[in-house]
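Open the model in a viewer and keep the sequence panel beside it. Each stop below gives a selection to make and then says what is found there.

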Amino acid sequence: MSETAKLTLDGKEYELPIIESSVGDKGIDISGLRAETGYITADSGYGNTGSCQSKITFIDGEKGILRYRGYPIEEIAKNSSFIEAAYLVIFGKLCTQEERDDFAKLLEQNAALPQPMLKHFDGYGSDGQPMAILSAMVNSLTAYDPSVMHPKDESDVTYAAANLMSSVRTIAAASYKASIGEPIMPPRYDMKYVENFLHMMFSKPYHEYVPEPEVAVALNMFLALHADHEQNCSTSTVRMVASSQANMYASCAAGITALWGPLHGGANVAVVQMLQEIQEEGLDPEKFMDLVKDKKSGRKLMGFGHRVYKNFDPRAKILKGACFDMLEKLNVSDPLLDVALKLEEVALKDDYFVERKLYPNVDFYSGIILRAIGIPLDMFTVMFAIGRMPGWIANWKEVHDDPKARIYRPRQIYTGEVERHWVPRSERS
Ligand code: CMC
């Protein structure tokens, strides 16, 4: 007999089925709760809600474990290019050489944006927010690929996935070029994904940028570490939009806007702004800590804390090591790394952070790597979005492929006025 949970309500007992997991949290199936009891569940911020069953990414927040499709993030960071990690996340398996070549061919075919789409960039001012441009342009891709509206078979979905992965990189680099008033550089067909991105970002007519190999390695790792992260805010947004059967590009464009906020992907910008403030104003890290502990200040230690990790975010550990490696290999120093190290040291000894189990998250060290590569601050969250695209696509695909998928439609507990009657404007006080 399978396990059930028992619930007593108004003196009556109900049995709720258990949903098994392969590893980690099991679920209590409450889908029949309202019909049977008249009650719904309340879970502000969805901290205890399993919104779906998924086979993509596993996190154990207590132990600091992250796996894509069962493979530990540490092994992926060490061995995988971004595209290999993306293939794994989207298609659920490590690619063979042939699959890798086929996917690379699709990426290559879609690297250049449709010619008319390039005109859009002229319409944004030089201070246009890159995340706004990115989400709008990703949405616009739908207009140039009508088959994405009603994909007929798996090959349409694979094509759309490759188009999105490839185009998001080209859009990101083009929006940067447009924002600094330089000509948009077309992609090159002899370059790999990351090298091609760096070329489109930093080459100029008659001046080819050739990245140091360490830079390409570090950027591949940065992107692979961001490739998926279970049901976070942006991924849940993608699934929410996908559940209405919206197309892949529109769903992922919604993910980009959700990522933008400073509590989510925007934190990688906020961390560097915080480190700069401390460094430039010569603030004492211990005093800064008093500020972030004071709830009235409205400040937080950006890059610290996580809804799921109550231990080190494994990505932060990898990125911290990579910061040292990269700065050493490029023979550069970054004073912000020293500030970050000091803040971490102070925080990890402080009762406030210890009691609340607040540790560095992925955004705490990632900005140091992006700065060393030469990525401007206002492009940091765009870099996160390029990295997260495989996860959004995989989650969109999981919703799309599920024959039992239903539109996402949570309920609410209404706390407003019960009933009022219309008062003509002349009689209102
Ligand atoms: N600095 C100071 N206090 C904090 C911090 C922080 N970074 N994070 C959490 N707390 C406190 C919070 O004030 C609360 O205190 P109390 O119990 O006294 O009310 C307690 O810790 C629990 O925090 P919470 O806000 O209830 O936790 P949450 O799960 O709702 O939020 C979070 C998670 C990531 C939004 C939050 O930790 C935070 O705002 N961190 C800073 C922003 C950040 O680095 N975001 C990136 C997250 S990782 C990458 C991503 O998702 O994109």
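The tour visits two sheets, then some helices and a surface patch.

Before starting, note that this is a predicted model, in which local features need pLDDT of at least 70, side-chain atom pairs count only at pLDDT 80 or more, and totals for chains, interfaces and linings use all residues. Residues are numbered from 1 along each chain as its sequence is written, and side-chain values use heavy atoms, with hydrogens and water left out.

**Stop 1: the sheet of strands 1, 2 and 3**

Helices (H or I, at least four residues) and strands (E, at least two) are DSSP runs, numbered from the N terminus. Two strands pair if DSSP finds at least two bridges between them.

Select residues 4-9, 12-19 and 27-28. Here 3 strands make an open sheet in the order 1-2-3, with antiparallel pairing. Strand 1 (4-9) and strand 3 (27-28) are at the edges and have a single partner strand each, so one side of each has no neighbour in the sheet.

Now look at strand 1 and strand 2, which pair in the antiparallel sense over 6 bridges. Pick A5 and find its bridge partner in strand 2, L16. Then pick L9, whose bridge partner in strand 2 is K12. The hairpin of these strands has 2 residues between them, and D10 in the turn has a positive phi of about 50°.

**Stop 2: the sheet of strands 4, 5 and 6**

Select strand 4 (residues 57-60), strand 5 (residues 65-68) and strand 6 (residues 71-72). They form an open sheet of 3 strands in the order 4-5-6, with antiparallel pairing. Strand 4 and strand 6 are at the edges, each with a single partner strand, so one side of each is left without a neighbour in the sheet.

Between strand 4 and strand 5 there are 4 bridges, and D60 stands opposite I65 in strand 5. Their hairpin has 4 residues between the strands, and G64 takes a positive phi near 70°.

Strand 5 is joined to strand 6 by 2 bridges. Show R67 with its bridge partner P72 in strand 6, then Y68, which stands opposite Y71 in strand 6. In this hairpin, with 2 residues between the strands, R69 has a positive phi near 50°.

Which side chains of strand 5 are buried (under 20% relative accessible area; exposed is over 50%, partly exposed in between; 1.4 Å probe, protein chains only)? L66 and Y68 point to one face and are buried, while I65 and R67 point to the other and are not.

**Stop 3: helix 3**

Select residues 82-91. In helix 3, 8 of the 10 residues are buried, so the helix is largely enclosed by the rest of the structure. The buried residues are F82, I83, A85, A86, Y87, L88, V89 and I90. Just after helix 3, G92 takes a positive phi of about 85°.

**Stop 4: Q276 in helix 12**

Select Q276, found in helix 12 (residues 267-280). Q276 counts as partly exposed, at 22% relative accessibility. Add H229, 47 residues apart from Q276 along the chain; their C-alpha atoms are separated by 28 Å.

**Stop 5: helix 13**

Last, select E286, which lies in helix 13 (residues 285-293). With a relative accessible area of 45%, E286 is partly exposed.
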